[in-house]
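Reader: I am in my first year and would like to look closely at one part of this protein, with the reasoning laid out step by step. Could you take me through it slowly?

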Amino acid sequence: MTATRNLAIMAALISLFAFNMSAFAAKVDCCIGHSSRPVPVGAITGYVHQESNEMCDIDAVIFYTVKRREICANPNAGWVKRNLKNLSKRLEQMSQKY
Ligand SMILES: *[C@@H]1O[C@H](CO)[C@@H](O)[C@H](O)[C@H]1NC(C)=O
């Protein structure tokens, strides 16, 4: 009898573990931390804003670089704000050319 019970508890634990793993897999596209290294604005080709929600835990700015890397940045950091300002200015100037 106790053996069956232990088995049931084990099965429950395993399914809980499997659930956690799949939840983790769904998060691979999210920034889970902020890079502490500033990225020079000249190396940035674009960015997206990640908002914390059910999918992602933290607010972040994801910079795309010329080397096709994705850098997670802290939206409150000074260099990030400067880069975003510079980029939006650049986009403005680009759109005025056409
Ligand atoms: C953005 O940064 C680049 C490289 O530092 C600089 O040459 C350019 O003048 C800046 N543009 C704006 C609008 O601040």
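Reader: Which residues make up the largest nonpolar core?

Author: Before turning to the residues, please keep in mind that this is a predicted model. The largest nonpolar core is made up of eight residues in all, namely C31, Y47, A60, V61, F63, I71, A73 and V80. The elements that give two or more residues to this core are β2, which covers 60-65, and β3, which covers 70-73, and the largest share, three residues, comes from β2. As a general background, nonpolar side chains in soluble globular proteins tend to be buried together.

To see where these two strands belong, it helps to step back to the whole chain. The protein has two helices and three strands, and from the N terminus on its elements run α-β-β-β-α. The three strands form an open sheet in the order β1-β2-β3, with antiparallel pairing. Because β1 (44-50) and β3 stand at the edges with a single partner strand each, one side of each is left without a neighbour in the sheet. From one strand to the next, the twist averages 25°. Helix α2, residues 78-96, packs on this sheet and touches β1, β2 and β3, while its direction makes about 115° with that of β1.

Now we can follow the pairing strand by strand, beginning with β1 and β2, which pair in the antiparallel sense over six bridges. Along this pair, I44 stands opposite T65 in β2, and V48 stands opposite I62 in β2. On its other pairing, β2 meets β3, again in the antiparallel sense, over four bridges. Here I62 has C72 in β3 as its bridge partner, so to speak of I62 is to speak of a residue with V48 opposite it and with C72 as a bridge partner in β3. The core residue V61, for its part, stands opposite A73 in β3, and both V61 and A73 are listed in the core. The strands β2 and β3 form a hairpin with four residues between them, and in the turn R68 has a positive phi of about 60°.

The side chains of β3 show how a strand can contribute to the core with one of its faces. Along β3 they alternate, with I71 and A73 pointing to one face, where they are buried, whereas E70 and C72 point to the other and are not buried. Both I71 and A73 are members of the core described above.

A60 offers a second close view of the core, this time from β2. Leaving aside residues up to four places away in sequence, A60 touches C31, H34, Q50, C72, A73, N74 and P75. Among these, C31 and A73 are also core residues.

Finally, two values describe the protein as a whole and set this core in context. Buried residues make up 10% of the 98 residues in the protein. Of the contacts with a separation of 6 or more, 44% are accounted for by residues 24 or more positions apart.

Note on methods
Residues numbered from 1 in each chain as written. Predicted model: local features only at pLDDT ≥ 70, side-chain atom pairs only at ≥ 80, totals over all residues. Core = buried A, V, L, I, M, F, W, Y, C linked by C-beta atoms within 7 Å. Buried ≥ 20, exposed ≤ 12 C-beta atoms within 10 Å, placed from the backbone. Contact = placed C-beta atoms within 7 Å. Pairing = 2+ DSSP bridges. Axes fitted to C-alpha atoms, helices over the stretch in contact; angles between N-to-C directions.
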